[in-house]
Every structure is written in C-alpha cells, then in structure tokens.
Amino acid sequence: MAQKPPTERGAGDAAVQKGPRDRSDPGHPAGTADTGPGAADSGPGAAGPGPGPGTSAAAGFSRRRLLGTAGATGLVLGAAGAGTGYAVGEAGGSGEPGAEGRPLSTLGTDMVMFHGKHQPGITTPMQAHGHLLAFDLAPGAGRKEAAALLRRWSGTAARLMAGEPAATAGGRDTDVARDAGPSLLTVTFGFGHSFFARTGLERSRPDALDPLPGFSADRLDKGRSNGDLWVQIGAQDALVAFHALRALQKEAAGAARVRWQMNGFNRSPGATARPMTTRNLMGQIDGTNNPKPSEKDFARRVFVPEDGAPAWMAGGSYAVVRRIRMLLDDWEQLSGGEQERVIGRRKSDGAPLSGGTETTDPRLEKTGPDGELLVPLDAHARITRPDQNGGAAMLRRPFSFHDGIDADGEPDAGLLFICWQADPLRGFVPVQRKLDRGDALSKFLRHEASGLFAVPGGAAKGEYVGQQLLEG
Ligand SMILES: C=CC1=C(C)c2cc3[nH]c(cc4nc(cc5[nH]c(cc1n2)c(C)c5CCC(=O)O)C(CCC(=O)O)=C4C)c(C)c3C=C
Ligand SMILES: [Fe+2]
C-alpha cells in the first residue's frame with residue numbers, strides 16, 4: 001500500500017497520523033463515532049485506489065481504512081479497496097510515468113462522516129475549495145417547510161460526503177462529480193437570527209445570535225450579509241464542491257432562495273513538500289496559533305457544552321463569517337520588513353519577530369538593539385492573543401477569495417474569514433473590538449459582509465441537522 005504523504009496543517013489539525021486501521025467493522029457504523037475533539041486530519045493522498053469511474057459508491061467505499069486520527073466531527077477516512085482507481089493511465093504533466101491502474105493522486109478517497117457529535121467542516125482540515133451560501137425562506141414557507149428542507153439537505157449531504165450520487169426521488173444526478181471520490185467533502189448547516197421569526201421559533205433563538213455590534217472597519221453590504229439559513233461546503237476537488245452546491249440549491253427550490261453566495265479556496269494539498277500552515281493572499285502564514293484539538297480547553301472554546309443553552313445547540317458552535325477585502329495594492333507597497341511588523345511575525349516561516357520558529361511563543365516584552373519592541377504594540381499577532389483579550393479565543397477556518405477586478409481596477413480579493421466559537425461574545429466580538437482600536441493590519445482591510453449563524457451539533461444517524469429545534 002502506498003504511503004500516504006502528510007497533510008497540510010488545517011484549522012484545529014495537528015498532523016496526520018498514518019497508521020491505517022481497518023474500519024470495515026460493522027460495529028462501527030458511520031455516524032455513530034463520537035470521538036471527541038481530536039484532530040480530524042486527512043492527507044492529500046490516500047492509501048489506495050478509490051472507486052473507479054462508474055463504480056457504485058456502495059461498492060467502492062464499502063472497505064475503508066482509517067487514515068487520520070479521529071476528529072470531533074467524525075472520522076476522516078480514506079477508501080481502500082476495489083475499483084480501478086480514477087485518473088489512471090499516463091500521468092499528465094507530472095513527469096512521472098503513470099502505471100496502469102495506479103492512481104495519480106488519491107486525495108479523492110478522503111472522507112469525513114456526516115453524522116456525529118459535531119457537524120463536519122469545523123475541525124475538518126481546511127479544504128482547497130469552498131462555497132458559502134445563505135438562503136432566505138421562500139414567501140409562505142415556515143417551520144414545516146424548513147424542517148422538510150433540513151431533512152432533505154441532511155440526507156443529501158450524508159450521501160455526497162460518502163461519495164454517493166445526489167439522486168433524489170424523481171431527480172437525476174448531474175454527473176459533475178462522477179468519477180471522483182468524496183474528496184473530503186463537508187457540508188455544514190446553520191441558522192441565522194431572522195430564521196426564528198420566520199418559523200415562529202423566537203423563543204428558541206439563542207441570545208448568542210443577537211446581531212453583532214458595528215465596527216469601524218465595517219463597510220457592510222446588507223444583501224451579502226446574514227440570511228435565514230447558512231450552508232458551508234468544502235472539498236479538496238472543485239467539481240465535488242460544485243456538485244454539492246448544485247444539489248443542495250436545487251433541493252431548496254420552493255422552500256428557500258439563495259440570498260448570497262461566496263466562493264473561496266485554500267492551497268491544494270500536496271503543493272508543498274512538507275506539511276505547512278496555509279498562506280493567505282497577503283502572503284502570510286495564517287493559522288499558526290489556532291486552538292488545537294489536543295488542548296484541554298479546545299472543546300470549551302469552540303463548542304456549546306452538552307448542558308449548554310439552548311438545549312438544541314448542545315455540541316453546536318457559532319460561526320462568524322466576514323468577507324474581508326484585502327487592499328492588496330496598498331499592502332504590496334510596503335517593504336517586507338514593514339509587512340512583518342504589521343503582523344509581528346516573519347513572512348518566510350511565520351516565526352514571531354522575537355525569534356524562534358513558527359510555533360515558538362512570542363516574547364512580547366523583548367526589545368531590539370534600538371530599544372524598540374520586536375513585536376510592535378499594534379502588531380496583529382500581539383493584539384489578537386487570548387491573553388490580551390481576557391481569554392477570548394476562536395477557531396479560524398477561512399477560505400481566500402478572488403472575484404476579479406473592481407471598478408477601480410483593484411483586486412476584489414481577500415479572506416472569507418470564518419471563525420468558530422462557543423459564544424461570539426467570548427470569541428470574535430472582543431477581539432474585533434480590540435482590532436478596531438488600533439491594529440496595524442486594519443488599514444489594509446475592509447469588512448464588506450458579515451453573518452452570524454447558530455450551527456447545531458451533528459445529526460445522529462436517521463436524524464437531520466436542527467431536528468431538535470424544528471421538532472422539539
Ligand atoms: C476578530 C478576529 C480576527 C480577524 C477579523 C482577523 C483577520 C485577519 N487576520 C489575518 C492574518 C493573521 N491573523 C493572525 C492571528 C490571529 N488573528 C486572529 C483574529 C482575527 N484575525 C487571532 C485570534 C489570531 C491568533 C492570535 C494568537 O492566538 O496568537 C496571524 C498570525 C498567525 C496565526 O496565528 O494565525 C495572521 C498572519 C488576516 C490577513 C486577516 C484579515 C483578512
Ligand atoms: Fe488574524
């Protein structure tokens with residue numbers, strides 16, 4: 001069996017563990033794994049060929065090997081077993097001879113379970129492709145229609161994440177993801193503030209969904225902000241991500257309409273020679289000091305506890321979504337040293353300016369020969385630290401975006417900043433307030449859209465996301 005190369009480091013992801021373990025045991029059905037907030041990880045490759053073209057998903061993915069450690073959202077699996085493999089034959093452009101039957105790449109076989117204690121797409125390693133969509137319920141649609149929609153969506157998400165076709169009653173799969181494996185597809189569902197009035201569920205609305213305060217960096221477009229329902233799709237393959245998007249969008253027909261859509265990306269797995277934290281479009285290593293699932297307060301920071309309120313949010317999390325435009329033409333005018341002082345970390349390797357390596361804790365009080373602080377007082381990485389914000393912390397799991405050139409000829413590019421926390425008032429809000437008061441990075445950013453969504457815990461097998469809210 002081919003050795004699986006190590007993965008990129010993702011949000012909440014430490015490193016890939018490559019000790020394959022057989023998971024074909026029917027005593028461990030998908031969806032019942034409650035593995036705690038361990039690192040969910042997968043790699044750009046997998047241990048064997050996935051299902052070949054036309055191979056039924058049921059056959060192709062019936063024998064699996066666990067490639068990563070168990071994740072909070074379920075297990076990241078790589079398929080191993082039958083099938084002719086996909087993308088077989090001559091290797092195109094890689095310079096490597098493609099042996100008949102040997103997959104060029106095996107990242108397609110990586111899979112996350114839909115069912116579990118938490119929804120997928122929170123601690124799952126960051127994927128290369130993402131779509132964010134907000135929907136508003138259609139005129140006349142209420143709680144009953146919303147419940148039916150969430151049931152349909154959950155069923156489809158579970159099938160697609162397992163590498164199965166989207167075919168629903170009377171519907172036909174589009175074939176867009178045909179030939180591909182699940183490719184670490186995740187689908188995550190959330191509820192916005194407005195959902196509760198639309199469905200007569202005001203009394204179940206969490207206080208944590210109260211609208212975010214305004215910030216001085218805000219230039220918010222209301223049409224691209226908030227929404228009744230939120231869907232996050234991530235996958236290592238663009239076609240797999242699009243396929244899921246289309247299927248879910250079509251299933252919403254009659255019940256909900258797209259309010260806004262944003263598309264993002266991250267580095268492709270395997271692009272770097274060794275596992276690395278990803279970079280953003282400013283060229284910085286971004287994600288270093290994310291809370292790690294191995295840390296004892298990780299679950300407390302990211303997830304609503306089992307006895308938390310409201311009860312339907314147990315095991316859930318709150319997602320703050322911000323479309324943050326980067327003023328790249330201005331940023332790129334700065335020298336390398338100036339850029340580094342804005343963040344307080346080196347661009348080359350992400351190490352703090354006080355020395356060490358990427359993972360060295362910054363020495364905030366350390367000064368240089370000129371007596372100046374090495375990590376400036378307004379450096380982004382200093383200001384955002386939990387110990388500078390009364391312990392406020394969040395799990396950042398963003399996608400970059402690039403939507404072309406705007407009317408001024410400037411790149412419409414930046415970060416789809418997504419952060420996860422048990423309570424936005426102890427995560428995003430205090431940190432953004434602090435950034436507002438004097439962050440060196442802020443003058444290169446513009447917050448153009450904003451959303452806050454309650455993301456319930458994962459659905460048990462046979463249930464759908466949000467069932468406790470909608471039927472409780
Ligand atoms: C309100 C929360 C935050 C916003 C908005 C935000 C925007 C933003 N950040 C970067 C780049 C980096 N951020 C880094 C660290 C960092 N940022 C936040 C919060 C927000 N960032 C936190 C909580 C942290 C971690 C602080 C810590 O615990 O030490 C870094 C340094 C490397 C890292 O730790 O990830 C970079 C780089 C951009 C480009 C951006 C908006 C576009
Ligand atoms: Fe940041």
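**Figure 1. The largest pocket of the predicted model and its lining.** The largest pocket holds about 1000 Å³ of space. A pocket is here an open set of points on a 1 Å grid over the protein atoms alone, where a 1.4 Å probe fits and protein lies on both sides within 12 Å along at least five of seven lines; lining residues have an atom within 4 Å of a point. The volume is the space filled by probe spheres set on the points, which are joined across faces, edges and corners. Of the 45 lining residues, Asn 289, His 380, Ala 381, Thr 384 and Arg 396 lie nearest the centre. Two or more lining residues come from each of E9, helix H7 (336–343), helix H8 (380–383), strand E12 (411–421), helix H9 (428–436) and strand E13 (445–455). H9 contributes the most, with four residues. Helices (H or I, at least four residues) and strands (E, at least two) are DSSP runs, numbered from the N terminus.

**Figure 2. The cis peptide bond before Pro 310.** The bond from Ala 309 to Pro 310 is cis, with omega near -10°. Pro 310 belongs to the loop between helix H5 (298–302) and strand E9 (317–326).

**Figure 3. Positive phi at Ser 183 and Asn 226.** Ser 183, in the loop between helix H2 (143–161) and strand E6 (186–191), has phi near 55°. Its relative accessibility is 2%, and Ser 183 therefore counts as buried. Asn 226 has a phi of about 50° and is found in the loop between helix H3 (193–198) and strand E7 (229–235). With a relative accessible area of 39%, Asn 226 is partly exposed. Buried means under 20% relative accessible area, exposed over 50%, and partly exposed in between (1.4 Å probe, protein chains only).

**Figure 4. Confidence along the chain.** The mean pLDDT, the predictor's confidence in each residue from 0 to 100, is 83, and 77% of residues reach 70 or more. Over residues 1–75 the pLDDT is below 50, and this stretch has 227 contacts beyond near neighbours in sequence; contact means heavy atoms within 4.5 Å. Over residues 79–98 the pLDDT is also below 50, with 54 such contacts. Where pLDDT is low, the predicted coordinates should not be read in detail.

**Notes.** Residues are numbered from 1 along each chain as its sequence is written, and chains are lettered from A and ligands numbered from 1 in the order in which they are written. In this predicted model, local features need pLDDT of at least 70, side-chain atom pairs count only at pLDDT 80 or more, and totals for chains, interfaces and linings use all residues, while side-chain values use heavy atoms, with hydrogens and water left out.
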